[in-house]
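Reader: I've got a model open and I'd like to learn how to read it. Could you walk me through some of its features?

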Amino acid sequence: MENHQTENGLIQFLKNLSLPDWIANNVITALGKGIHGIVTEASEIPKAHLRNHSERIKLIGEIKRDWVRKAAGHPLQKIENEPDLANRALESYGIKLLEEQLNKEAVAGKTIEQLRILPIPEIYDEKTISHDWLTSFWNLVGTKSEDEIQEILSKILANEIVQPGSLSLHTLQTLSILDSKAGNSFAKLCNLSIDDGRTAFVIHTNVFHFQNIGDIDDYGITLNDLLYLDGANLIRSAETLLVNYAQSETHEDGKFDYEIVDYASKRAKLDVSGQQLHLIIFTQAGRELRRLITMESVKSYTEVLKKRLGDNFIVTG
């Protein structure tokens, strides 16, 4: 009866968000997979579970003391040789479960907030979110306590609820090694990036002579940052790929062969015909995560691109 009431309360809350029924069902499935019976009132999720660091430490301390007290009567304590070891094992396991649950509930709360502002595609397939994907997702969430990473994870889940299949299991595996350092560096790199509909990349404007590598310190990204992102499987290599683009026949008539691209969330026109460019290529995981990053183009870098490419690159939006 309690679970039925919980589900009805959650459905009513989701209807207040004006979500289509199929998305509401995906929300129930997604949150239920991660936090089970903990959610009693969906409207209270952001208030109850978006705990700051000091509240989190206080709660862990209180439950830890209670856990140790209850562990005293556990059968493992009857082990004659190592009763202290048994007690420590129980305590460690309990705290691990608590930490994981707090992480999951924090992401659940942030996901609800994301759903409040996430635009619903005008054209969509009414797909059901994958249970296997959710299992991998929540296993990952349990290990992530940094607020920046939880924010990314909440965006991932909200996006997957609305557009199931948009983020691959491969990318979830990549996220398992992502920390705030990599996340911050990646966000800065995304501010310089272009997605042409096939791949995402950064046009490197400062490659060392006779080498395929260089720093971009002027835009807040060091060579070490690039190496770190390479190791995190977000870019294919810290070394650039030198690409020679063939000259388009249209240029013989003085015309450009523009593609409409996404440049740091802005609409732009790009014609690479006849160009030789050093590119930092994003991996599949990097490209999928880029779509979830709030990007803002860097004015100084944009000016360098315009100087380098001339009328071949025009920001229009």
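Author: Sure, let's begin with a polar contact: the backbone oxygen of C190 lies 2.6 Å from a polar atom of the S193 side chain. Keep in mind that this is a predicted model.

Reader: Where does S193 sit, and is S193 buried or exposed?

Author: S193 belongs to strand β1. Its relative accessibility is 0%, so S193 counts as buried. Beyond its neighbours within four places in sequence, S193 is in contact with F201, V202, D262, Y263, A264, F282, R290 and M295.

Reader: R290 is on that list. What joins the side chains of R290 and S193?

Author: A polar contact of 2.6 Å. R290 is part of helix α11, residues 284-290.

Reader: Why does R290 count as buried?

Author: The cut-off for buried is under 20% relative accessible area, and R290 comes in at 3%, so it counts as buried. Leaving out residues up to four places away in sequence, R290 touches F186, C190, S193, I194, D195, A200, D262, Y263, A264, S265, F282 and M295.

Reader: F186 and C190 appear there. Which residues of helix α9 are buried?

Author: In α9, residues 180-190, the buried ones are S180, A182, G183, S185, F186, L189 and C190. Their cover includes α7, β1, β2, α10 and α11.

Reader: What about T199: where does T199 lie?

Author: T199 is in the loop between β1 and β2. With 26% relative accessibility, T199 counts as partly exposed, because that class runs between the 20% and 50% cut-offs. Apart from neighbours within four places in sequence, T199 contacts I194, I281, F282 and R287. T199 and I281 are 82 residues apart along the chain, and their C-alpha atoms are separated by 7.7 Å.

Reader: How do I read the faces of a helix?

Author: The general idea is that an α-helix has 3.6 residues a turn, so residues three or four places apart point the same way. Now take α12, residues 299-309: its buried residues are Y301, T302, L305 and L309. They cover an arc of only 100° around the axis, which puts them on the same side of α12.

Reader: Which residues are exposed on the other side of α12?

Author: K299 and K307. As for the buried residues of α12, they pack against β2, β4, β5, β6 and β7. After α12 comes G310, with a positive phi near 60°.

Reader: And how do I describe two packed helices?

Author: Two packed helices are described by the angle between their axes and the distance between the axes. Here, try α6 (residues 131-141) and α7 (residues 147-162): their axes come within 11 Å and cross at roughly 165°. Angles over 145 degrees count as roughly antiparallel, and α6 and α7 are therefore roughly antiparallel to each other. The crossing of α6 past α7 is left-handed.

Reader: Which residues of α6 and α7 meet?

Author: On the α6 side they are W133, L134, F137, W138, L140 and V141, and on the α7 side L153, I156, L157 and E160.

Reader: Let's zoom out. How many helices and strands does the protein chain have?

Author: Twelve helices and seven strands. The protein chain has 317 residues, and 44% of them count as buried. If you take its contacts between residues at least 6 apart in sequence, 79% join residues at least 24 apart.

Note on methods: Residues numbered from 1 in each chain as written. Predicted model: local features only at pLDDT ≥ 70, side-chain atom pairs only at ≥ 80, totals over all residues. Heavy atoms only, no water. Buried < 20%, exposed > 50% of the residue type's maximum accessible area, 1.4 Å probe, protein only. Helix = DSSP H or I, 4+ residues; strand = E, 2+ residues; numbered from the N terminus. Arc of directions from axis to C-beta. Contact = heavy atoms within 4.5 Å. Polar contact = N/O pair within 3.5 Å; in protein donor to acceptor, adjacent residues only side chain to side chain. Axes fitted to C-alpha atoms, helices over the stretch in contact; angles between N-to-C directions. Parallel < 35°, antiparallel > 145°, perpendicular 65-115°, else oblique. Left-handed = near helix turned anticlockwise from the far one by under 90°.
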